[in-house]
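Reader: I want to go through this chain and ask what lies behind each label. Please keep the answers short.

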Amino acid sequence: MTRDLAELTAPLRDAPGESAALFDVDGTLAPIVGDPGRATVPVPTRAALRALAQRFGLVACVSGRRAAEARRLVGVGELTYAGNHGLEVLTPGDEEPTLDAGLGDRGDAAGDFVLGLGREALRGAGLRLEDKGPIQALHWRGSADEEAAERRAGEIADQAERAGLEPRWGRKVLELRPIAGVDKGTAVRRLLDRPGVRQALFAGDDRTDLDAFRALRELVEAGRLRAAVCIGIASDEAPAELSEQADAVVASPGELVEMLRALAADGGSNTDRPSS
Ligand SMILES: [Mg+2]
């Protein structure tokens, strides 16, 4: 862990029982691969997360994937999983996720809209549909003409907005959400809405993670948290805002694991700092 990271995370290491560590999954814990279905969290990362879960008050993943899929991918049952950007939350030991009450009768709105576009037509435009229940996602990573597919996605986003859905852009993906105001920020707020958590960190690699950064900062401003640390994971596709808004940037998911190990290690910040 760099000196910078060690100093930033000192409040968490000093009081691990009152600390929460929250992680995006794809591109943060799981290295990005061409086919998201083949993404996996490396064994050393799993071990570090398991150790951290024993030490910290809360360790959770906040993903755009469905909660059960995030749990399967990360492979650590001791963690809490907020899936579909917080529309569903899966706690350790539970088989079924809890759905956000705000969803109301909008659960099928995005699915119905996408059905109207036609699966064949989407495929023809180079867009791969991912059915995530209440959220529908269109991917164009690896399609024959990624630029053309992205242009078509732009048209669909406008159309979806007129249909009352909320379009959100990620790395070569357009998500259509059934209700507005659902993002990783609301997911983080819900996860941290529990007594005893006074410090939190969030690590992410993408634009959608900026909502989580913002939520942590607002919780500090409101006095709900004593300290918050926002960590960006660098990549060729990372938006410029990520490094601007992060407190620190690590070079890769691999470098993040080193930080996890240091956080999970015994001893407060004083023992971890290099003596000079
Ligand atoms: Mg990500």
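Author: Start with contact: two residues are in contact if their C-beta atoms, placed from the backbone, lie within 7 Å. On that basis, the elements covering the buried residues of H4 include S6, S7 and S9. This is a predicted model.

Reader: What makes Ala109, Ala110 and Val114 in H4 count as buried?

Author: A residue is buried if 20 or more other C-beta atoms lie within 10 Å of its own. In helix H4 (residues 109-117), Ala109, Ala110 and Val114 meet that cut-off.

Reader: Why do you say that the buried residues of H4 line one face?

Author: Look down the axis of H4. The buried residues fall within an arc of 125°, so they line one face of the helix.

Reader: Which residues are exposed on the other side of H4?

Author: Asp112, Leu115 and Gly116 are exposed there. The cut-off for exposed is 12 or fewer C-beta atoms within 10 Å. Just after H4, Gly118 takes a positive phi of about 90°.

Reader: Now the sheet with S6, S7, S9 and S8. Why are S6 and S8 placed at the edges?

Author: The sheet is open, with 4 strands in the order S6-S7-S9-S8 and antiparallel pairing. Strand S6 (128-132) and strand S8 (166-170) each have a single partner strand, so one side of each has no neighbour in the sheet. On average, neighbouring strands are turned by 20° against each other, direction ignored.

Reader: How do you know that S6 and S7 pair?

Author: Pairing needs at least two bridges found by DSSP. S6 and S7 have 5 bridges, in the antiparallel sense. They therefore count as paired. One bridge sets Glu130 against its partner Ala137 in S7.

Reader: What lies between S6 and S7 in their hairpin?

Author: A turn with 2 residues between the strands. Gly133 in that turn has a positive phi of about 75°.

Reader: What makes S7 and S9 a pair, and S8 and S9 another?

Author: The cut-off is again at least two bridges. S7 and S9 are joined by 4 bridges and run antiparallel. Gln136 has Leu176 in S9 as its bridge partner. S8 is joined to strand S9 (residues 173-177) by 5 bridges, also antiparallel. Glu166 stands opposite Arg177 in S9.

Reader: Why is S7 called mostly covered?

Author: In S7, 5 of its 5 residues are buried, and buried means 20 or more other C-beta atoms within 10 Å. Both faces are covered. Ile135, Ala137 and His139 lie on one side, and Gln136 and Leu138 on the other. Helix H6 (residues 146-162) lies across strand S7 (135-139), S8 and S9, at about 10° to S9.

Reader: How do you know that strand S1 is covered on both sides?

Author: Strand S1 (residues 19-23) has 5 of its 5 residues buried. Ser19, Ala21 and Phe23 point one way, Ala20 and Leu22 the other way, and all are buried. In a regular strand the side chains alternate between the two faces of the sheet.

Reader: Which strands pair with S1?

Author: Two bridges are the minimum. S1 has 5 bridges to strand S10 (residues 199-204), running parallel. Phe23 stands opposite Ala203 in S10. S1 also has 4 bridges to strand S2 (residues 58-62), again parallel. Ala20 stands opposite Leu58 in S2.

Reader: Lys184 is a charged residue. Why does Lys184 count as buried?

Author: By its neighbour count. Lys184 has 26 C-beta neighbours inside 10 Å, so it counts as buried; the cut-off is 20 or more. Lys184 is found in helix H7 (residues 184-192).

Reader: What is Lys184 in contact with, beyond its neighbours within four places in sequence?

Author: Val62, His85, Gly86, Thr208, Asp209, Asp211 and Ala212. As for Asp236, it is 52 residues from Lys184 in sequence and 22 Å away in space, C-alpha to C-alpha.

Reader: Last, the domains. What does the domain assignment give?

Author: Domain 1 is 3-100 + 183-272, and domain 2 is 103-177. Their centres, taken over C-alpha atoms, are separated by 27 Å. The contact takes 11 residues from domain 1 and 12 residues from domain 2. On the side of domain 1 that touches domain 2 there are 2 nonpolar, 4 polar and 5 charged residues.

How values were computed:
Residues are numbered from 1 along each chain as its sequence is written. This is a predicted model: local features need pLDDT of at least 70, side-chain atom pairs count only at pLDDT 80 or more; totals for chains, interfaces and linings use all residues. Domain bounds come from an automatic or database domain assignment. Axes are lines fitted to C-alpha atoms, for helices over the stretch in contact, and angles run from 0 to 180 degrees between N-to-C directions. The arc is that of the directions from the helix axis to the C-beta atoms.
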